[in-house]
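Trainee: I should like to learn how to read a structure that is new to me. May we go through it one feature at a time?

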Amino acid sequence: GNMAQLCVYPDKQYDRSIDYLMKAMAINRAENRKTSIEHNLRNLSDAYRLKKQYPEAIRYAEEAMQLST
């Protein structure tokens with residue numbers, strides 16, 4: 001779930017990281033891994049924040065918060 005963050009964030013390849021996170025989230029949704037989905041969403045929020053795409057960052061952060069409650 002967090003491999004995209006660990007491997008790509010240091011290189012500032014945020015689009016690539018987002019791609020990996022989306023793929024990971026699709027797998028986690030298929031397996032109904034709620035905790036992993038929440039981590040994917042938080043990492044997506046962070047990637048979009050780093051890209052300064054704040055509306056997307058907020059959207060993924062809010063979705064992650066909904067899963068955590």
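Mentor: Let us begin with the term salt bridge, which means a side-chain nitrogen of Lys or Arg within 4 Å of a carboxyl oxygen of Asp or Glu. Please keep in mind throughout that this is a predicted model.

Trainee: How far apart are the closest N and O atoms of K23 and D19?

Mentor: The general idea is that side chains of opposite charge can pair when their charged atoms come close. In this structure, the closest N and O atoms of K23 and D19 are 3.2 Å apart, and the two residues form a salt bridge. Both K23 and D19 lie in helix α2, four residues apart, which is about one turn of the helix. K23 is partly exposed at 48% relative accessibility, and D19 is also partly exposed, with a relative accessible area of 38%.

Trainee: How many salt bridges does the rule give?

Mentor: The count comes to five salt bridges. One of them joins K51 and D15, with 2.3 Å from N to O. This pair links distant parts of the chain: K51 is in the loop between α3 (34-50) and α4 (54-68), whereas D15 is in helix α2 (residues 14-30), 36 residues apart. K51 is partly exposed, with a relative accessible area of 26%, while D15 is exposed, at 52%.

Trainee: Which residue forms a salt bridge with R29?

Mentor: The partner of R29 is E63, and their closest N and O atoms are 2.9 Å apart. E63 belongs to helix α4 and R29 to helix α2, so the pair ties together parts that are 34 residues apart in sequence. E63 has a relative accessible area of 27% and is partly exposed; R29 is partly exposed as well, at 42% relative accessibility.

Trainee: Let us turn to the overall layout. How many helices and strands does the chain have?

Mentor: The chain has four helices and zero strands. Read along the sequence, its pattern is α-α-α-α. Of the contacts in the chain with a separation of 6 or more, 42% are between residues 24 or more positions apart.

Trainee: Where is confidence lowest, and where is it highest?

Mentor: As a general caution, where pLDDT is low, the predicted coordinates should not be read in detail. In this chain, confidence is lowest in helix α1 (residues 3-8), with a mean of 51, and highest in α4, with a mean of 95. The chain as a whole has a mean pLDDT of 87, and 86% of its residues reach 70 or more.

Trainee: How should I read the interior, and which residues make up the largest nonpolar core?

Mentor: In soluble globular proteins, nonpolar side chains tend to be buried together. Here the largest nonpolar core has eleven residues: I18, L21, M25, I37, L41, L44, A47, Y48, A57, Y60 and A64. The elements that give two or more residues to this core are α2, α3 and α4. The largest share, five residues, comes from α3.

Trainee: Which residues does I18 touch?

Mentor: Leaving aside residues up to four places away in sequence, I18 touches L44, A47, Y48 and K51. L44, A47 and Y48 are listed in the core with I18, and K51 is the residue that meets D15 in a salt bridge.

Trainee: What share of the chain is buried, and how much area does the chain expose?

Mentor: Buried residues make up 33% of the 69 residues in the chain. The chain exposes about 4,700 Å², and carbon and sulfur atoms supply 52% of that area.

Trainee: Which residues are buried in α3?

Mentor: The buried residues of α3 are I37, E38, N40, L41, N43, L44, S45, D46, A47 and Y48. The helix α3 has 17 residues and reaches 24 Å from its first C-alpha to its last, close to the 24 Å expected at 1.5 Å a residue.

Trainee: What is the phi of K52, just after α3?

Mentor: K52 takes a positive phi of about 65° although it is not a glycine. K52 is found in the loop between α3 and α4 and is exposed, with a relative accessible area of 60%. N32, which is not a glycine either, has a positive phi of about 55°. N32 is placed in the loop between α2 and α3 and counts as exposed at 53% relative accessibility.

Key:
Residues numbered from 1 in each chain as written. Predicted model: local features only at pLDDT ≥ 70, side-chain atom pairs only at ≥ 80, totals over all residues. Heavy atoms only, no water. Buried < 20%, exposed > 50% of the residue type's maximum accessible area, 1.4 Å probe, protein only. pLDDT = per-residue confidence, 0-100. Core = buried A, V, L, I, M, F, W, Y, C linked by side-chain atoms within 4.5 Å. Contact = heavy atoms within 4.5 Å. Areas by Shrake-Rupley, 256 points an atom, 1.4 Å probe, with all protein chains shown as cover. Expected span 1.5 Å × (residues − 1).
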